[in-house]
Amino acid sequence: MTYYLLRILFLTLLLAAPAALAQIEGYYPSTPGTSWTYSSGETQTLSGPREFEGVQVTVLTHYFDGLPVSEDYLVFGADGVVSLGTASGGDIVSYIPPLQVYGPAPLEVGDRWQSTTRVSGFEIQLSAEVLGLSGVSTPAGRYNALQIRQVTTTSSGASTQLDLYFVPSVGVVRFVTNDGTAIDLIDTATP
């Protein structure tokens with residue numbers, strides 16, 4: 001069960017990253033209808049607002065082969081971006097308290113944030129730090145990106161690490177997983 005919960009959270013954070021962004025004068029892309037397509041075959045699309053547990057959220061839907069596979073329920077604010085929960089395979093998981101995915105914008109090298117939530121009796125902690133600025137070349141273009149390292153751990157001791165390469169006004173242009181696999185942005189569209 002712990003592995004399953006960690007996997008859901010890891011996928012949520014991995015897949016939510018491009019849209020899990022604060023609305024500060026275009027620094028973070030958050031317009032409904034915005035989409036990102038990655039080298040993994042995934043496309044992510046923003047929609048909303050929609051109500052989730054009595055709160056207006058922005059919904060990030062993840063598609064593989066044109067089929068929706070999950071949704072993330074995000075709230076944007078002055079303190080950053082939080083996830084209230086996720087839905088996948090017919091299961092809805094609420095984060096109580098909400099999980100902070102990104103700190104306040106604008107992000108700067110050295111910024112750190114951390115939050116802890118409980119899911120099905122397990123505690124999940126997300127810690128993140130902006131490590132530096134890095135040149136990134138992807139099929140969608142060349143960018144100077146902020147490298148953000150996210151480490152997710154559970155009360156059972158399971159842990160994952162994910163490096164995100166974030167570009168203001170664009171989103172995440174590259175993910176690098178625990179095993180070194182790079183997933184690159186190949187296309188983005190804004191309405």
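Me: What makes β11, where Val-173 is found, a strand?
Reply: Val-173 lies in β11, which covers residues 171–176. Strands here are DSSP runs of E with at least two residues, numbered from the N terminus. Bear in mind that this is a predicted model, where local features need pLDDT of at least 70, side-chain atom pairs count only at pLDDT 80 or more, and totals for chains, interfaces and linings use all residues. Residues are numbered from 1 along each chain as its sequence is written, and side-chain values use heavy atoms, with hydrogens and water left out.

Me: Why is Val-173 called buried?
Reply: Because its relative accessibility is 0%, and buried means under 20% relative accessible area, with exposed over 50% and partly exposed in between (1.4 Å probe, protein chains only).

Me: Which residues does Val-173 touch, not counting those up to four places away in sequence?
Reply: Among them are Val-136, Tyr-143, Tyr-165 and Ile-183. A contact means heavy atoms within 4.5 Å.

Me: How do you know that β2 and β3 pair?
Reply: Happily, that is a simple check: DSSP must find at least two bridges between two strands, and nine join β2 (residues 42–52) to β3 (residues 55–64). The two run antiparallel, and Arg-50 has Val-57 as its bridge partner in β3. In their hairpin, with two residues between the strands, Glu-53 takes a positive phi near 50°.

Me: What makes β3 and β4 a pair as well?
Reply: Seven bridges join β3 to β4 (residues 67–77), and these strands run antiparallel. Phe-64 stands opposite Leu-67 in β4. Their hairpin also has two residues between the strands, and Asp-65 in the turn has a positive phi of about 55°.

Definitions and conventions. Helix = DSSP H or I, 4+ residues; strand = E, 2+ residues; numbered from the N terminus.
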